[in-house]
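Notebook open, structure loaded. I'm jotting things down as I look them up.

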6 protein chains.
Amino acid sequence: MLYKLIETLDQKFHFERAQAHCDIPCGIYDPSTAQIAALTVVRMMDLIAALEGGADKGKTEYHNSMSRYIAVKEEHAEKAKREVRVIWGDYIKPEHTEKHPELHDLVFKIMKLGSKVRQSADREAGVEFVEAINKFAGIFWETKGIAIKRAKAPYAPAMEMVYPNL
Amino acid sequence: MLYKLIETLDQKFHFERAQAHCDIPCGIYDPSTAQIAALTVVRMMDLIAALEGGADKGKTEYHNSMSRYIAVKEEHAEKAKREVRVIWGDYIKPEHTEKHPELHDLVFKIMKLGSKVRQSADREAGVEFVEAINKFAGIFWETKGIAIKRAKAPYAPAMEMVYPNL
Amino acid sequence: MLYKLIETLDQKFHFERAQAHCDIPCGIYDPSTAQIAALTVVRMMDLIAALEGGADKGKTEYHNSMSRYIAVKEEHAEKAKREVRVIWGDYIKPEHTEKHPELHDLVFKIMKLGSKVRQSADREAGVEFVEAINKFAGIFWETKGIAIKRAKAPYAPAMEMVYPNL
Amino acid sequence: MLYKLIETLDQKFHFERAQAHCDIPCGIYDPSTAQIAALTVVRMMDLIAALEGGADKGKTEYHNSMSRYIAVKEEHAEKAKREVRVIWGDYIKPEHTEKHPELHDLVFKIMKLGSKVRQSADREAGVEFVEAINKFAGIFWETKGIAIKRAKAPYAPAMEMVYPNL
Amino acid sequence: MLYKLIETLDQKFHFERAQAHCDIPCGIYDPSTAQIAALTVVRMMDLIAALEGGADKGKTEYHNSMSRYIAVKEEHAEKAKREVRVIWGDYIKPEHTEKHPELHDLVFKIMKLGSKVRQSADREAGVEFVEAINKFAGIFWETKGIAIKRAKAPYAPAMEMVYPNL
Amino acid sequence: MLYKLIETLDQKFHFERAQAHCDIPCGIYDPSTAQIAALTVVRMMDLIAALEGGADKGKTEYHNSMSRYIAVKEEHAEKAKREVRVIWGDYIKPEHTEKHPELHDLVFKIMKLGSKVRQSADREAGVEFVEAINKFAGIFWETKGIAIKRAKAPYAPAMEMVYPNL
């Protein structure tokens, strides 16, 4: 919601710049929310595996933890999908897709991976999900003319992530 | 959420069929929700226009109605976008996009129109939004091998809509 | 939210007609949302039964699927109840209940069945739930003077549903 | 959600008592949530009236406050309707409606009043809404064999409310 | 949301009173929502224990009930935390914390207990959670100059609760 | 929800370390969500001011934009408050508050500022809100032993923000 209205205003006030390039500061889009959500999916998969492999804590505790991990995995997979859709559907312009013709397919693939990580606790799918969203984040920052770097996330599972180099 | 899990199960139990064609009964996807939401956007635009053009009912009543119409328009535009994303991202398979190579662009266009109908009360954009989603619905039912028909919606704004011919 | 405001406007602009009959086009009420949600409840029950009866896929996969089916069942049972309440509480007028004196009890029964299908995975209760909502849909379309037909839903569990004959 | 499952359990463990009377401890149903929400609707109407009648605070401040009051009014009217539906649809049993045959109509009336207080800022409708829900609360506590009292709410608009006499 | 705007208005219209004491009628804050939610957490723990200890009802029924109890426990623990945060963050003023210097720590402790009751089904933690929120409710009513009483909640688990003496 | 369960697991598996220091990687807490939300509040204030000061675009367009800016401001102020509460209530431990005794008051102040930016469109309050949350973010990263830097946000209003130096 936010994004479109900011964009509109910006287009009204910076019309000449908007026409020329795509470098208008269009609004507060940030792929970090999707990236954090995807990391969380992998984290939940690790917790699920640890619970299965760990010492038995009793039936109730097992169910309490398992139900919660699955629900959190579900919720964050959906959140990541939604956030990617918002940036793609609202911020990305035809001139971006001309320059990055793979973008539609990348988003489509992210949606499919997002389904897969909900249907299973397969860590490999989780890692692919994070990486596809990192790729998307890289393209996003490039469209804004902001350089990126790679660094480990400051929390488990500490995967290497794409960040803007501010 | 629902969609993916149904699909998974179906793939497990009907594996041979799924391999062969795309006619598996994949789950309870139905574009009608997006279509009703888009119609509601146009309806709100009509109510906004009627309020602006109508006799003055007093400041409080004007604000109460206007705030509510805008909020409903906002909410249903977002709902339509979300529902289209779910069907596209979860149900649509690569074999569908091969047969309908315009599908990614159509969905992308629906997202853009969904932004436009939130940023304004421009009825023409609303009508375009409904029509783009009708087109999407037509493709959807075709992938399932179900014929479509066109009929007026049984409520205002009574636009002609795409329905499955059950 | 939507429904009431449309109704209000319509009452203002079509006052004479509203007084005379109940045939005003009152707004975008559509029982199909409740019907699809109820079908989804039955679909989840079938998936739960298939999971219980199927080959063992391992503890994690079992829990992941089971938790998700139950959550989807829960959510859609509640959604169906809410949608029926909205149509009943907002669209239905005293003149409708005079003509259909069984309506209050039917809605009350739908609420009870909606509770039952959450508390268990009993398919018979699920089928009763769908049928009660179909009956409600039939009365709804009758109040609008629109004929109905019966046809199989175009997705599993493919139960026979009530549709408006558009 | 909560209510039904508590009820189920109770019915299993206290079956003989449940059959005999309606004095089973059925679960954590409490009409106070609906009552507080309805009071809030009236409070918002008072704030809207004060804003309209007050000295002009400038266009921005006026809009900021007005939008927020209307949104809060909307939200709490819906909340009150939902809470009443839950108690009626989940807790109330056929034996209660036999003893209180007016209950279906009272709930139906509450739904209608809940629509009215959203469509306008008419304080009289707001007061009627609170009173109808108080009446509902009175019946509810009676079905549980708990005496009621009337006392002023400890916050504006300080209307007289029905409370259980604990 | 509600609370702050009421407060603002009140401050505008009753400025002289507000300056003098803390007895302004600040708005519709009521700790009962948090108290009911915390009670619900304990109730769910009791139902979980009963399910574990009860006769075997079959795998599906066990999972259906267990998943739902855990989800309800989760939801109400979060609800209680949120409600306490709202009253503390919005209603409580520096003059209250001067008079009750333990308030920040009490709220902090409630947050911790709210985490604990989600991570486990430990009834003792649940009881502590209810009691900490009762203590918070007692301070709240004292700041408003309203006497309190203790009475058993009129529903299971029927713990002794703090109520305003209206 | 996420946070607490990660923490629990970590405590179980790294018990000896957890006892000794507070440097365990406790989970996926990240103040960036609260920071982005607070920036959005200021952005909305700027858009509101631009709308008021701009050429008249007609009554409908004015209302459509104003309603949406206020709703977005509202939503993001609440989001920032919630996120800060989660990190404070779930991640922050007594050993952190011993080292940062100002933490409770800082969080309390953030809540108050979050109320203020909803009740008005006062940009100064918005800036204070962002700065208080930046201060909170700085303390958070310090508790994790991660150095911070200051850099301009890569989107309007481009305020200087606190980031972890990854």
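First lookup: is R123(A) buried, partly exposed or exposed? I get 37% relative accessibility for R123(A), so it goes down as partly exposed. Before going on, a reminder to myself that this is a predicted model.

**Entry: the R123 and D46 pair**

I checked what the side chain of R123(A) pairs with, and found a salt bridge to D46(A) at 2.6 Å, N to O. R123(A) belongs to helix 7 (residues 123-143) of chain A and D46(A) to helix 3 (residues 32-53) of chain A, so this salt bridge ties together parts that are 77 residues apart in sequence. D46(A) has a relative accessible area of 23%, so I log D46(A) as partly exposed.

Next I looked up the pair in chain D. The side chains of D46(D) and R123(D) form a salt bridge there, at 2.6 Å from N to O. This pair links distant parts of the chain, with D46(D) in helix 3 (residues 32-53) of chain D, R123(D) in helix 7 (residues 123-143) of chain D, and their positions 77 residues apart. For accessibility I have 22% for D46(D), which is partly exposed, and 38% for R123(D), also partly exposed.

**Entry: other salt bridges**

How many salt bridges does a search of the whole structure find? I get 52 over all chains.

One I picked out sits between R150(A) and E160(A), whose closest N and O atoms are 3.6 Å apart. R150(A) is in strand 1 (residues 148-152) of chain A and E160(A) is in strand 2 (residues 160-164) of chain A, so the pair ties together parts that are 10 residues apart in sequence. At 52% relative accessibility R150(A) is exposed, the cut-off being over 50%. E160(A), with a relative accessible area of 46%, is partly exposed.

**Entry: chain A overall**

I pulled the totals for chain A while I was there. Its secondary structure is seven helices and two strands, and the order along the sequence is α-α-α-α-α-α-α-β-β. Of the 166 residues in chain A, 64% are buried. Among contacts in chain A with a separation of 6 or more, 64% are between residues 24 or more positions apart. For the accessible surface of chain A I noted about 6100 Å², with 53% of it on carbon and sulfur atoms.

**Entry: where chain B touches chain F**

Which elements of chain B give two or more residues to the side that touches chain F? I started with the totals. I have 13 residues of chain B in contact with six residues of chain F. The two chains bury about 810 Å² between them, and 52% of that is on carbon and sulfur atoms. Across this interface the rule finds two salt bridges; E52(B) and K59(F) meet in a salt bridge through their side chains, at 4.0 Å from N to O. I also count six residue pairs in polar contact between chain B and chain F, both residues at pLDDT 80 or more.

Back to the elements: helix 3 (32-53), helix 4 (59-91) and helix 6 (103-119) of chain B each give two or more residues to the side that touches chain F. Helix 4 of chain B gives the most, with seven residues. By type, the residues on this side of chain B are five nonpolar, four polar and four charged.

**Entry: H96(B)**

Is H96(B) buried or exposed? At 4% relative accessibility H96(B) is buried. I place H96(B) in helix 5 (residues 94-99) of chain B. Its side chain reaches the backbone nitrogen of K93(B) at 2.8 Å. The C-alpha atoms of H96(B) and F140(B) are 9.2 Å apart, with their positions 44 residues apart along the chain.

**Entry: the loop between the strands**

Last, some backbone angles. In chain C the peptide bond from A156(C) to P157(C) is cis, with omega near 5°, and P157(C) is in the loop between strand 1 (148-152) and strand 2 (160-164) of chain C. In chain D the A156(D) to P157(D) peptide bond is cis, omega near 5°.

I then checked A158(B), in the loop between strand 1 (148-152) and strand 2 (160-164) of chain B. A158(B) has a positive phi of about 50° although it is not a glycine, and with a relative accessible area of 29% it is partly exposed. A158(F) has phi near 50°, positive in a residue other than glycine, and at 30% relative accessibility A158(F) is partly exposed.

Methods. Residues are numbered from 1 along each chain as its sequence is written. Chains are lettered from A and ligands numbered from 1 in the order in which they are written. This is a predicted model: local features need pLDDT of at least 70, side-chain atom pairs count only at pLDDT 80 or more; totals for chains, interfaces and linings use all residues. Side-chain values use heavy atoms; hydrogens and water are left out. Contact means heavy atoms within 4.5 Å. Buried area is the accessible area (1.4 Å probe) that two parts lose on being put together, summed over both. A polar contact is a pair of N or O atoms within 3.5 Å; within protein, one must be able to donate a hydrogen and the other to accept it, and residues adjacent in sequence count only if both atoms are side-chain atoms. Helices (H or I, at least four residues) and strands (E, at least two) are DSSP runs, numbered from the N terminus. Ala, Val, Leu, Ile, Met, Phe, Trp, Tyr, Cys and Pro count as nonpolar, Asp, Glu, Lys and Arg as charged, and the others, Gly among them, as polar. Buried means under 20% relative accessible area, exposed over 50%, partly exposed in between (1.4 Å probe, protein chains only). Accessible areas come from the Shrake-Rupley method with a 1.4 Å probe; for residues, only the protein chains shown count as cover.
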